[in-house]
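Biologist: Could you take me through one part of this protein up close? I'm new to this, so keep it friendly and connect it to the whole.

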Amino acid sequence: MATEKRNLLSGNFSKKNACLFAVAVLVTIVIWNLPITSFGIDGLTVIQQRIIAVFALATILWVTEAISPWATSVSLIGLLLLTTSDNAFHIFRSGIDKSELLDHSALMATFADPIIILFLGGFVLAIAATKSGLDVLLARTLLKPFGNKSENVLLGFILITGVFSMFVSNTATAAMMLTFLAPVFKALPPEGKGRVALTLSIPVAANIGGMGTPIGTPPNAIALKYLNAPTGLNMGIGFGQWMMYMLPLTVLLLFIGWFLLKKFFPFKKKTIELEIEGEVQHNWRTAVVAVTFIITVLLWICDRWTGVGSNTVAMVPIVVFA
């Protein structure tokens, strides 16, 4: 027991799991790329071969427990969606008859409704950013160009909150950004109206920013579902197309909000020494969160070019962080 505990603390257990995981992936790649005739099954399709490869991956991971069984299950759904469904990347659908591809809605139904998947993707990104300290790093970095002039700091809070709210739940964004106001309040006189302007800037910007993308706020995703439903309007609006129409309006409203707040709640003190408290974890996990965040957002924006719908893209952070 003591030896096992020492191995766990020294990292040997993790190395063993990493090796088992690598073996599982290698076996999957080999089966995936074998000549289809080598299986000796008449009428075997490419999609069926991929499913056999994924089945092998699942079996090895479940038996060896290289990763947690629940993480394996979640990863399988994401892998099947991205490689074998009618919502897969174009490269995996090229040259394959549409009738052979799996229905992405049916695959997601084993987990949750596609709209729920979209929500989960946004929530998971928000949680990962908070746990890794990436949200603090982004806030520090993005607020720095606005300097220390009070009105410019107000604009910085509005724009950054608006941008965060486009890709993270507006409620989670508001909660996160409000925590950054404590050090700012210390630098402002209590009798001025600047504190009111800064406090109101967070919910105002979070609500406006949430309009910019389908995942910014739950009502957007629900509206998109009915706009694109084959039995409804069947408009085929993608993530990028939504942003193309809504982003200019969102930016305009954010600047109008800034103008109104500084007009009705003027700052008594003209400069603010801004210090955002919080710890950023400098390790490989933070790097993984940052890269996953960027890739997910890019896939959401470029859904028309990749062929992967926003609901399916939401599985990427869920799988990676699992």
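**A close look at helix H14**

Modeller: Sure, and let's pick helix H14, which covers residues 239-264. One thing up front: what you're looking at is a predicted model. On average the protein gets a pLDDT of 83, and 89% of the residues score at least 70. That confidence isn't spread evenly, though. Among the elements, helix H3 (residues 46-64) has the highest mean pLDDT, 93, while helix H1 (residues 2-10) has the lowest, 45. Over residues 1-11 the pLDDT stays under 50, and the model has three contacts there beyond four places in sequence.

Now for the setting. The protein has 18 helices and zero strands, and 44% of its 322 residues count as buried. H14 gives us a buried residue and a partly exposed one to look at.

Start with Trp 258, which is found in H14. Its relative accessibility is 15%, and buried means under 20%, so Trp 258 counts as buried. Who are its neighbours? Leaving out residues up to four places away in sequence, Trp 258 touches Glu 151, Leu 154, Leu 155 and Ile 158. Take Leu 154: 104 residues separate it from Trp 258 along the chain, yet their C-alpha atoms are 7.3 Å apart in space. You can set that beside a figure for the whole protein: of the contacts between residues at least 6 apart in sequence, 69% join residues at least 24 apart.

Next, try Leu 249, also in H14. Its relative accessible area is 35%, which falls between the 20% limit for buried and the 50% limit for exposed, so Leu 249 is partly exposed. Leu 249 belongs to a nonpolar patch on the surface, together with Leu 252, Ile 256, Phe 259, Leu 260 and Phe 264. Those residues have about 570 Å² of accessible area together. For the protein, the exposed area is about 17000 Å², with carbon and sulfur atoms supplying 69% of it.

For another helix to look at alongside this one, go to H7, residues 114-132. Its 19 residues, at 1.5 Å a residue, should span 27 Å, and the C-alpha atoms at its ends are indeed 27 Å apart, so the two values agree. Plenty of names turn up on its buried list, including Ile 117, Phe 119, Gly 121, Gly 122 and Leu 125. Just after H7 comes Gly 133, with a positive phi of about 85°.

Terms used:
Residues numbered from 1 in each chain as written. Predicted model: local features only at pLDDT ≥ 70, side-chain atom pairs only at ≥ 80, totals over all residues. Heavy atoms only, no water. Helix = DSSP H or I, 4+ residues; strand = E, 2+ residues; numbered from the N terminus. Buried < 20%, exposed > 50% of the residue type's maximum accessible area, 1.4 Å probe, protein only. Contact = heavy atoms within 4.5 Å. Areas by Shrake-Rupley, 256 points an atom, 1.4 Å probe, with all protein chains shown as cover. Expected span 1.5 Å × (residues − 1). pLDDT = per-residue confidence, 0-100. Patch = residues over 30% accessible without salt bridge, like charges linked within 9 Å, V, L, I, M, F, W, Y side chains within 5 Å. Salt bridge = Lys/Arg side-chain N within 4 Å of Asp/Glu carboxyl O.
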